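Got the model open in your viewer? Let's walk through it one selection at a time.

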Amino acid sequence: MHLNRVISIAWKGLVKNKFRSLLTMLGVIIGVAAVIIMISVSKGTETTIAERISSLGTNLIFVQPNFSRGDFRGGPGGPGSPGSSGGLVFDDAAAIAQQVEGVAGTAVEQNTEQTVKTALATLTDVELLGTTPDFPTVRDMSLASGRYFTTEEMNQKVKVAVLGSSLATELFGDTPPVGQAISVGNTKLAVIGVFNKKGVVGNTDFDARMYLPIKVVFQKFTPSFFARMAGDRVRLIYVKLDPQASMTDTILQIQLLLARRHNVTLDQPDFTVTTQQDLITTQESTTAAFRSLLAWVAAVSLLVGGIGIMNIMMVSVTERTREIGIRQSVGASPNDIRLQFLTEALLLSLVGGLIGVFVGVGGSYIFSKLGGMRTVVLPGSVLLAFSSAAAVGIFFGYYPANQAAQLDPIEALRHE
Amino acid sequence: MNSRTIIEIDHLTKIYGMGDAQVCALCDVSLQISENEFVAVMGPSGSGKSTLMNILGCLDRPTTGRYVLAGEDVSNLNKAQLAAIRNQRIGFIFQSFNLLAQTTALDNVLLPLLYRRDEHLTDAEQKQKALKVLQAVGLGDRVDHKSQELSGGQVQRVAIARALVNDPVLILADEPTGNLDSHSGEEIMALLTELHTQGSTIVMVTHDEKIAAYAQRIIHFVDGRIETDHQNGKFARHPSTVEGGNYAPE
């Protein structure tokens, strides 16, 4: 029999039972749509995270102090507090900038949370970030008005501040902030600049912070006397590389330098050097785990869909035993019968798969519109979902089709 | 006239069941039927006539013995080969019609052509052939009617058209009038008689004497054996002269 005949007979068989065919397809529809939606949501999330990471700045190396667990818990003030083993000090950053080749700039951070007052507003728990003059370059930030502080201002501990854009609005409203004064505890700071909007990067809202010379933070806002005794600790050193510099060479040089300065071995360092690549790798392994989970969910839903097809095909073979007998009596061979039912199962899963593709693509669109979730529909995922549906149809259709083919024509004709 | 042998069965036995529960449905039956014979097979239930029909129709295989259909030994063919024989050599007419439901007369008649492997007709040729036989059985104006839209007699005529469409060497009719009223039954028997006149070989199972009277030769089965096999004396008369009144449904 010609293939188009086979398909047309199978198609007629399905159309005769429209509602049942639709119900049978439902499992496959849901399975395929789920695969497409889940892959598009995970791909969307992945893209968003990748964009956030790249907006951290390019060619960055992060140096952070290491805390063994006990010390971390024991330290009353958390990272950088006295008693912690390991720690980075302000001079480490300067040493890296001066002694390591291929470094374009370093920036250090030490933060503290304080209550901030202006004539207009009082805000509690504002993050004050002590940094160095390289900060805007290293973190790719630009000023909307005024200027950033200089190396001299930092070294002389001049009490100046640069504001994030949303913090500036909260503290001064419509008044231009540059030239105004801010009280932080007993200290008065002069506003010398305001950053352009940068947004949330990682988990940090760059626009809600205040940026000051790090030495002012060390002098005025370091929590305890012990901390001051321990040295000017910083919680993070950013190192920006020259574009031509080799990442691995530079990291090794930084590690050797810091190990010498801290008098530790590289086997047991008191600091950790990470790169953006590490962040990306971590993120990739997270999304890979997420994706394999989705693959299992998708496989299970397609499996359930397949069992649904098998179930209905079994019912269909029983119900249509008489029809099978008639076809056999006029000359349908076992192969003809098998092919007919296999084609029906395949058509069910393909049509279900096609509907599932539409539901999936539409669902992804609705998710991104209503759920505010970013979705990216990959053509590969559509192909994957569709071909899995076809495979499910053949796999689960074979058994009932074979049952039909094995029927004895005499008994089939006698069947009521 | 032509005396080509269509059916030749030789010491045919069909046994159902195993061990002590064995039942001999056909016991050592030998029989020859020539081309253009019209044979009625009669006998009470369980006499083996249905088993004979199933084997003659290649729906079943004998336990022992030989069955040669139109010169071809079909005793030991596999399922697919038997299907091909049914398709090309045999036309079935059933008591319960056995048309596909919700399917037009035309599509029902096309069915055997769809499964035909030895010749490849185009869609148009197949349709033409199907329409021709539908016209021949007097249903030229009913081709697009579905089975449930036709009367019993018309349904059986569609079944006859389906049986004829592949030009079979043998037409097997199993109680062809059993589900019909007397008027439709007469029409169907007239049609079968006409086919016989045109040269068809027909074997018909019935347990109704009046239906058997249309046949040329009557074989009686009892307990899986042939009891009598004789020419029908009345058949000397042309069937159309057989009084309609002597036919009645069961």
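Select Ile90(B) and look across to strand 7 of chain B: the bridge partner waiting there is Leu170(B). Strands here are DSSP runs of E with at least two residues, and helices are runs of H or I with at least four, both numbered from the N terminus. Before you go on, know that this is a predicted model, where local features need pLDDT of at least 70, side-chain atom pairs count only at pLDDT 80 or more, and totals for chains, interfaces and linings use all residues. Residues are numbered from 1 along each chain as its sequence is written, while chains are lettered from A and ligands numbered from 1 in the order in which they are written.

**The sheet in chain B**

Now show strand 6 together with strand 7 (residues 170–174) of chain B: they run parallel and are joined by 4 bridges. Two strands pair if DSSP finds at least two bridges between them. Widen the selection and you get an open sheet of 6 strands in chain B, in the order 6-7-8-3-9-10, with mixed pairing. Strand 6 (90–93) and strand 10 (225–231) of chain B are at the edges with a single partner strand each, so each has one side without a neighbour in the sheet. From one strand to the next, the twist averages 20 degrees; angles run from 0 to 180 degrees between N-to-C directions, and axes are lines fitted to C-alpha atoms, for helices over the stretch in contact.

Next, bring in helix 1 (residues 49–56) of chain B, which packs on this sheet and touches strand 3 (38–42), strand 7, strand 8 (202–205) and strand 9 (217–222) of chain B. Its direction makes about 150 degrees with that of strand 8 of chain B. Helix 6 of chain B also runs at about 150 degrees to strand 8 of chain B, and lies across strand 3, strand 7 and strand 8 of that chain.

**Two helices side by side**

Keep helix 6 (residues 182–197) of chain B on screen and add helix 5 (residues 152–164) of chain B: their axes are 9 Å apart, at an angle of about 20 degrees. That angle makes the two helices of chain B roughly parallel (angles under 35 degrees count as roughly parallel, over 145 as roughly antiparallel, 65 to 115 as roughly perpendicular and the rest as oblique). Which residues of helix 5 and helix 6 of chain B make the contact? On helix 5 of chain B, pick Gly152(B), Gly153(B), Gln156(B), Arg157(B) and Ile160(B); on helix 6 of chain B, pick Ser184(B), Glu187(B), Ile188(B) and Leu191(B). Contact here means that the C-beta atoms of two residues, placed from the backbone, lie within 7 Å.

**Where the chains meet**

Colour by chain and find the contact, which takes 18 residues from chain A and 18 residues from chain B. On the side of chain A that touches chain B, helix 1 (3–16), helix 12 (321–329), helix 13 (334–370) and helix 15 (409–414) of chain A each supply at least two residues. Helix 12 of chain A gives the most, with 5 residues.

So select helix 12 of chain A: is it mostly covered or mostly uncovered? Mostly covered, with 7 of its 9 residues buried. Buried means 20 or more other C-beta atoms within 10 Å of a residue's own, exposed means 12 or fewer, and partly exposed is in between, with C-beta atoms placed from the backbone. Among the buried ones are Glu323(A), Ile324(A) and Arg327(A). The buried residues of helix 12 of chain A pack against helix 13, helix 14 (379–406) and helix 15 of chain A, together with helix 2 (79–89), strand 6 and helix 3 (105–114) of chain B. Just after helix 12 of chain A, stop at Gly331(A), which takes a positive phi of about 115 degrees.

**Strands in chain A**

Jump to strand 8 (residues 187–195) of chain A, which pairs with strand 5 (residues 143–146) of chain A in the antiparallel sense over 3 bridges. Strand 6 (residues 160–163) of chain A runs parallel to strand 8 of chain A, with 4 bridges. Strand 7 (residues 181–184) of chain A runs antiparallel to strand 8 of chain A, also with 4 bridges. Zoom in on the hairpin of strands 7 and 8 of chain A: 2 residues lie between the strands, and Gly185(A) takes a positive phi near 60 degrees.
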